[in-house]
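Grab a pencil and try a few exercises on the structure below. Have a go at each task before you read its solution.

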Amino acid sequence: MSADLTELYQQVILDHNRRPRNRGKLPTANRVAHGDNPSCGDQCSVYLRLEGDRIADLSFDGSGCAISQASASLMTTRLKGKTAAEAEALFQQFHDIVTTGQAPEEISDLGAFAGVHAFPARIKCATLGWHAALNALKGDPVPATTETHND
Amino acid sequence: MSPSWNDVRADFPILHQQVNGKPLVYLDNGATAQKPKAVIDALVRYYERDNSNVHRGLHALSMRATDAYEGARSRLARFIHAADPAEVIFTRGTTESINLVARSLGAKLKAGDVILATEMEHHSNLVPWQQAAKASGATLRFVPVVGANAEGGLDLAALDQLLTPQVKVFAFTHISNTLGTINPVAELCRRARAVGALSVVDAAQSVGHTPLDVQALGCDYLAFSGHKMCGPTGIGVLYGRRALLDQLAPDETGGGMVASVDFDGARWKPAPERFEAGTPNVADAIGLGVACDYLDALGRDAIKRHDHALARRAYAELATLPGIRLLGPTGERGGLVSFAFEHVHAHDVVTFADEDGVALRGGHHCNQPLMRKLGLTSTTRASFYLYNTPEEIDVLIASLRRTLKFFQA
Ligand SMILES: Cc1ncc(COP(=O)(O)O)c(C=O)c1O
């Protein structure tokens, strides 16, 4: 396997793809947004419970390639407890990682996505969940759903 | 110099390259086909020797360009066995051809009329009809596709209920770009005509892959793209029966399509000029004529046998892979196979294949409603053409095995 491909499919990414965290609808969510990638059909919904300015809990659901699913999964673990401003700042850092391939030391597991930069067509996959999350933060409140899916 | 099967690959310069350090295995022919040297040379020759505007000049170059352009029209007419070259309208491709008929026919539709399409249409033969229905108040209905993997093709039994006298247009594909299903075009056209509906056939995936005779099929309109049959991009054809075209209002207006103009209005030329406003794509039409020569020298019946044999072999080999779901007919199929793995997404498959030099398509193939019906968001597709070989299928299968192993490890 080439170095580029090994970089793209890091262990962290494979692990999140195989065992996604916080996947399924969040029954207590009061914000939701849906993102899709029209060119390839990838979809991602993000459910948030915003308490004041802070993300008390979040989850994602959707379908797509290993990169998009792992990215959304990892994102949910990193955004819990963050304020909207902090989430925005973290996304900026993540965006820099996937577009430049440079990951600052302190960014830890998100740095696994640095390999995406060698595959420009996949940047949209890596950022799909993040865009949905930021849109959910900006969006209007929604009634919490009672349905859950845990798959 | 006519091409021969023994050196078909030698005729296509692009095939002789390495991708990611591996010999290119081009299996994305459903998206676009590669071009033989003869077509590339025709484009260069036109621009180096004959380039000029058509139908306007009296000078030598303009006459040469006009002759070559109209010669291409006649060549295309012969390619699909149209009764008259005037039945061949040059367009940008399938999409523009269908938009042209959908807008022009749509203008005559009214509430209560029905446009019938099928569940396996490419977005290009779906969205223009949605727009025509919205604009006119007509209703759009669909012939269902049968089977969990769409293996049963179109539900021909349901057609009896669906093809009512209210149906004014029946639009359907000849060969599905996602499923590989070959539809019984002649039968569908006959049944459409029996209720007074016009038939519109999407031949994007068929015209360069199988002998095609519009008169034998009995279709009213037929659309295709040059780039999927070894011709240039940006050129395609709308075939329409002469009697219909002369009654059809033009879609675009401007220079070249008018018989006479005064400040208050204009009168249209007959087909085909009526539908070709502005300077046409002369060079690519000529290139497409040369692509017809190339394909017919090999014989489309032979190309069909070759593609179908590859698709059959690929289908059988793919079926041995764990966790695979194969779409479309289990028997006779066009030269492509779409599949999905339980645990590996199509994009990951395509990225891994690319590393092995194999060009595949992953995604919804402009067939989103069908995908949704089948409970899928994307599939991987391998599509074959005259220059592909059985050895390339072996490379494909080895690449897929490696991908499955990586993701299941
Ligand atoms: C069945 C079918 N119809 C229509 C089209 C659209 O062709 P084009 O993009 O050349 O207009 C395609 C090509 O993808 C196709 O496969």
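**Exercise 1: The sheet in chain B**

Keep in mind that this is a predicted model.

*Task.* Work out the strand order of the open sheet of 7 strands in chain B, then find its edge strands and the helix that packs on it.

*Solution.*
Step 1. Reading across the sheet, you get the order 4-12-11-10-9-5-6, and the pairing is mixed.
Step 2. Now look at the two ends: strand 4 (88-91) and strand 6 (139-143) of chain B are the edge strands, and each pairs on one side only.
Step 3. Next, check the twist. Ignoring direction, neighbouring strands here are turned by 20° against each other on average.
Step 4. Zoom in on one pair. Strand 10 (residues 198-202) and strand 11 (residues 221-225) of chain B run parallel and are joined by 3 bridges. Within this part of the sheet, Val201(B) has Leu222(B) of strand 11 standing opposite.
Step 5. Finally, add the helix. Helix 3 (residues 94-106) of chain B packs on the sheet, and the strands it touches are strand 4, strand 9 (167-173), strand 10, strand 11 and strand 12 (236-240). The direction of helix 3 makes about 150° with that of strand 11 of chain B.

**Exercise 2: The ligand**

*Task.* Find out which residues surround the ligand, and how much of its accessible area the protein covers.

*Solution.*
Step 1. List the shell: Thr94(B), Thr95(B), His122(B), Ser124(B), Thr173(B), Asn177(B), Asp202(B), Ala204(B), Gln205(B), Ser225(B), His227(B) and Lys228(B).
Step 2. Sort these residues by type, and you end up with 1 nonpolar, 9 polar and 2 charged.
Step 3. Look for polar side-chain atoms beside the ligand. Asp202(B) has one 2.5 Å from a ligand nitrogen atom. Gln205(B) places one 2.7 Å from an oxygen atom of the ligand, and His227(B) also has one at 2.7 Å from a ligand oxygen atom.
Step 4. Now for the cover: on its own the ligand has 400 Å² of accessible area, and the protein covers 84% of that.

**Exercise 3: The sheet in chain A**

*Task.* Explain why strand 1 and strand 3 of chain A each have one side without a neighbour in the sheet.

*Solution.*
Step 1. Start with the order: this open sheet of 3 strands in chain A reads 1-2-3, with antiparallel pairing.
Step 2. Strand 1 (31-37) and strand 3 (54-63) of chain A are at the edges with a single partner strand each, so one side of each has no neighbour in the sheet.
Step 3. From one strand to the next, the twist averages 20°.
Step 4. Count the bridges between strand 1 and strand 2 (residues 42-51) of chain A: there are 7, in the antiparallel sense. Here Asn37(A) stands opposite Asp42(A) of strand 2.

**Exercise 4: Two backbone oddities**

*Task.* Find where the cis peptide bond is, and which residue has a positive phi although it is not a glycine.

*Solution.*
Step 1. Recall the background: most residues other than glycine have a negative phi, and most peptide bonds are trans.
Step 2. The cis bond joins Ala271(B) and Pro272(B), with omega about 5°. Pro272(B) sits in the loop between strand 14 (265-268) and helix 9 (282-298) of chain B.
Step 3. The positive phi, about 50°, belongs to Asn20(B). Asn20(B) is in the loop between strand 1 (18-19) and strand 2 (22-23) of chain B.

Technical notes:
Residues are numbered from 1 along each chain as its sequence is written. Chains are lettered from A and ligands numbered from 1 in the order in which they are written. This is a predicted model: local features need pLDDT of at least 70, side-chain atom pairs count only at pLDDT 80 or more; totals for chains, interfaces and linings use all residues. Side-chain values use heavy atoms; hydrogens and water are left out. Two strands pair if DSSP finds at least two bridges between them. Helices (H or I, at least four residues) and strands (E, at least two) are DSSP runs, numbered from the N terminus. Axes are lines fitted to C-alpha atoms, for helices over the stretch in contact, and angles run from 0 to 180 degrees between N-to-C directions. Contact means heavy atoms within 4.5 Å. A residue is near a molecule or strand if one of its heavy atoms lies within 4 Å of it. A polar contact is a pair of N or O atoms within 3.5 Å; within protein, one must be able to donate a hydrogen and the other to accept it, and residues adjacent in sequence count only if both atoms are side-chain atoms. Accessible areas come from the Shrake-Rupley method with a 1.4 Å probe; for residues, only the protein chains shown count as cover. Ala, Val, Leu, Ile, Met, Phe, Trp, Tyr, Cys and Pro count as nonpolar, Asp, Glu, Lys and Arg as charged, and the others, Gly among them, as polar.
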